[in-house]
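Biologist: Could you take me on a close look at one part of this protein? I'd like to hear how its helices sit against one another.

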Amino acid sequence: MNRYPRNMIGYGATPPDAAWPGGAKVAVQFVLNYEEGGENCVLHGDAGSEAFLSDIAGAAPWPGQRHWNMESIYEYGARAGFWRLHRMFTGASIPVTIYGVASALARSPEQVAAMKSAGWEIASHGLKWVEHKDMPEAEERAAIAEAVRLHTEVVGTRPRGWYTGRCSANTVRLVAEEGGFDYISDTYDDDLPYWLEVGDRDQLIIPYTLEANDMRFATAPGYITGEQFFQYLKDAFDVLYAEGEAGAPKMMSVGLHCRLIGRPGKAAGLKRFLDYIQGFEGVWCPRRADIADHWAETHPHKRYTRPSQMERESFVAAYGGIFEHSPWIAERAFDLELGPAHDTALGLHNALCRMFRSASEAERLGVLTAHPDLAGKLAAAKRLTAESTSEQASAGLDALTDAERESFTQLNTAYVEKHGFPFIIAVRDHDKASILAAFERRIENDRDTEFAEACRQVERIAEFRLKDLLP
């Protein structure tokens, strides 16, 4: 099967109501990444020094050597930055989620004790703060298992959440297959949590952020001053708060690092933001585990058979009648590059319509002639498809007076004699009166104009039928 795995639709035009506790208009969630002592370092058995996310401009790894300056910058995060942020958040009574690298946590027992005392969630940030993109699958799976083991040993409880950060294409699947995580955050693709089906497991995903994130102090383009960071966070919050007031509450993630935002000049911008949001009603500042609990209770996952995951025979059996008596359209659509975007009514409609539109005129004419006359002999003999029977009944065409039935019979006969195919209209868009009016108007069209209009109506009928079957 030619299948495209990326999900480009998400919740689409109608995201769910988050229904945050207390009717909150926005959930603002703070993550503090604790990586100090888990970064690349020859002392940790790595091939060289760290080069990522520091205040050293243009840093590069030093193969086989310790980078004293880089190490000391990371050490600042543990020795000073963490405690400044601990005082700031506990002083504001705002809990955070720690993304804790297991090996870093093991080297920071006092900080772990402070996290636990504050009631902060300690989620897993992997075993080591290293790159995973080239890591063999078996090695990464083992590293995940060891991260859970070491985290549980150091913290006293296993992590409920996971975020690798420097992940591979396999990370989310491997973490989901581990089977013990309430949520995974290695995505940046939405403003709300969502469910991901991984085999038999329904895995909650709570997306993270790389833009409302102090890492931009260490990357280009990025922030230079704490005030720039504050302004960006404020703008994001204002947009999301307004959406919440309009009835579409969302989630705002803020990503922080001890060695970055823990510096005084940068921390000033964060402090301004904490003060700013505390001036609003309806702001929920949860831990990510709290979001996971709320989402699982309020929006539990519901599975349905997804078109892009079906075998050919099942696919054609399910959707071969969407275009009246024309299963060949579904057969051709099955061979397209289908994916999550086609697992909705509108998505699959697009795929089926592509095959209808690219068919020859003779094939499309065959689809038109497969449609029954409106309120014709087949309807009277109860020989319509179930779909056609329901559609005609929805417009009252199953309960015509003798005069109305005679009128339809005359129009049907005249229309077919002129155009060579039955009059087709998406009756769910109409009532009996407007159908008759359209009939009388369209019968005067030339054949090419009416052929094009009939094809559009066939597509509209298909859309209605798919909406009966798919979200």
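Which handedness does the crossing of helix 11 and helix 17 have? Please walk me through the surroundings as well.

Modeller: Happy to! Please keep in mind that this is a predicted model. The crossing of helix 11 with helix 17 is right-handed. The two pack at an angle of about 150 degrees, and their axes are 9 Å apart. Angles over 145 degrees count as roughly antiparallel, and helix 11 and helix 17 are therefore roughly antiparallel to each other.

Here is who takes part. On the helix 11 side, the contact is made by Ala345, Leu346, Leu348, His349, Leu352, Cys353, Phe356 and Arg357. Helix 17 brings Cys455, Val458, Glu459, Ala462, Glu463, Leu466 and Lys467. By class, the residues of this contact divide into 10 nonpolar, one polar and four charged.

Now for helix 11 itself, which covers residues 345–357. At 1.5 Å a residue, its 13 residues should span 18 Å, and the end C-alpha atoms are 18 Å apart, so the expected span and the model agree. Its buried residues are Ala345, Gly347, Leu348, His349, Ala351, Leu352, Cys353, Met355 and Phe356. If you are wondering about the spacing along a helix, an α-helix has 3.6 residues a turn, so residues three or four places apart point the same way. The packing partners of the buried residues in helix 11 are helix 9, helix 10, helix 12 (361–369) and helix 17 (447–467).

Two of those partners also meet each other. The axes of helix 9 (residues 312–319) and helix 10 (residues 327–334) come within 9 Å and cross at roughly 140 degrees. Helix 9 and helix 10 are therefore oblique to each other, and their crossing is right-handed. Helix 9 contributes Arg312, Phe315, Val316 and Tyr319 to the contact, while helix 10 contributes Pro327, Ala330, Glu331, Ala333 and Phe334. Sorted by class, that makes seven nonpolar, no polar and two charged residues.

For another pair to set beside these, try helix 1 (residues 68–91) and helix 7 (residues 264–277), whose axes come within 11 Å and cross at roughly 20 degrees. These two helices are therefore roughly parallel to each other, and the crossing of helix 1 and helix 7 is right-handed. Tyr76, Arg84, Leu85, Met88 and Phe89 of helix 1 meet Pro264, Ala267, Leu270, Lys271 and Leu274 of helix 7. In that contact there are eight nonpolar, no polar and two charged residues.

Technical notes
Residues numbered from 1 in each chain as written. Predicted model: local features only at pLDDT ≥ 70, side-chain atom pairs only at ≥ 80, totals over all residues. Heavy atoms only, no water. Axes fitted to C-alpha atoms, helices over the stretch in contact; angles between N-to-C directions. Helix = DSSP H or I, 4+ residues; strand = E, 2+ residues; numbered from the N terminus. Parallel < 35°, antiparallel > 145°, perpendicular 65-115°, else oblique. Left-handed = near helix turned anticlockwise from the far one by under 90°. Contact = heavy atoms within 4.5 Å. Nonpolar A, V, L, I, M, F, W, Y, C, P; charged D, E, K, R; others polar. Expected span 1.5 Å × (residues − 1). Buried < 20%, exposed > 50% of the residue type's maximum accessible area, 1.4 Å probe, protein only.
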